[in-house]
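Please look over the sequence and the model shown below before reading on. The report then moves from the sheet to its loops and ends with the confidence of the prediction.

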Amino acid sequence: MRADNWSWKHVGGITMRLFKKKNEILDPYTVEKCSSCNKVVKRKFVEGDYVFKTSGKCTVCGTGSLMVDKIFGEPIK
Ligand SMILES: [Zn+2]
């Protein structure tokens, strides 16, 4: 009987924590900046992204390379 009461309380605690976490979910974004024309591109964060990572040639000027400028999270609405 006592063990049952304890486990129910425990399960309730986990549910509360998951619910709280769900409210704080952020959608990660990556902002890339061209080293040549300063074009800023905002896109969805992809695993492996990090600040100062070079992610390829700029599609606007064709000469500069895109570098991750910042990574941020936006709350999901
Ligand atoms: Zn460029």
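## The sheet

In this predicted model, four strands form an open sheet in the order β2-β1-β4-β3, with antiparallel pairing. Because β2 and β3 stand at the edges, each with a single partner strand, one side of each is left without a neighbour in the sheet. From one strand to the next, the twist averages 35 degrees, where axes are lines fitted to C-alpha atoms, for helices over the stretch in contact, and angles run from 0 to 180 degrees between N-to-C directions. Strands here (E, at least two residues) and helices (H or I, at least four) are DSSP runs, numbered from the N terminus, and two strands pair if DSSP finds at least two bridges between them.

Residues are numbered from 1 along each chain as its sequence is written. As the model is predicted, local features need pLDDT of at least 70 and side-chain atom pairs count only at pLDDT 80 or more, whereas totals for chains, interfaces and linings use all residues.

## How the strands pair

Strand β1 (residues 26–34) and strand β4 (residues 65–75) are joined in the antiparallel sense by nine bridges. Within this pairing, T30 of the chain has I71 in β4 as its bridge partner, and C34 has L66 in β4. Five bridges join β1 to β2, which also run antiparallel, and V31 stands opposite K42 in β2. On the other side of β4, three bridges join β3 to β4, again antiparallel, with T54 standing opposite M67 in β4.

## The loop between β1 and β2

The hairpin of β1 and β2 has five residues between the strands, and N38 takes a positive phi near 65 degrees there. Most residues other than glycine have a negative phi, and most peptide bonds are trans. N38 is not a glycine, yet its phi is positive, at about 65 degrees. N38 is exposed, with 11 other C-beta atoms within 10 Å; a residue is exposed if 12 or fewer other C-beta atoms lie within 10 Å of its own, buried if 20 or more do, and partly exposed in between, with C-beta atoms placed from the backbone.

## The loop between β2 and β3

F45 lies in the loop between β2 (40–44) and β3 (54–57), and F45 is partly exposed because 16 other C-beta atoms are found within 10 Å. Leaving aside residues up to four places away in sequence, F45 touches P28, Y29, T30 and I71, a contact being counted if the C-beta atoms of two residues, placed from the backbone, lie within 7 Å. Two of these residues, T30 and I71, are the bridge partners already described. The C-alpha atoms of F45 and V31 are separated by 8.5 Å, and the two residues are 14 apart along the chain.

F52 has its place in the loop between β2 and β3, and although F52 is not a glycine, it has a positive phi of about 80 degrees. With 7 other C-beta atoms within 10 Å, F52 is exposed.

## The loop between β3 and β4

G64 lies in the loop between β3 and β4 and counts as partly exposed, with 16 C-beta neighbours inside 10 Å. Not counting residues up to four places away in sequence, G64 touches C34, S35, S36, C37 and C58. G64 and C34 are 30 residues apart in sequence, while their C-alpha atoms are 5.8 Å apart in space.

## The whole chain and its confidence

The chain has one helix and four strands, which follow the pattern α-β-β-β-β when read along the sequence. Buried residues make up 6% of the 77 residues in the chain, and among contacts between residues at least 6 apart in sequence, 47% join residues at least 24 apart.

The predictor's confidence in each residue is given as pLDDT, from 0 to 100; its mean over the chain is 79, and 69% of the residues reach 70 or more. Among the elements of the chain, helix α1 (residues 2–23) has the lowest mean pLDDT, 48, and β2 has the highest, 94. Over residues 1–20 the pLDDT is below 50, and this stretch has zero contacts in the model beyond near neighbours in sequence. Where pLDDT is low, the predicted coordinates should not be read in detail.
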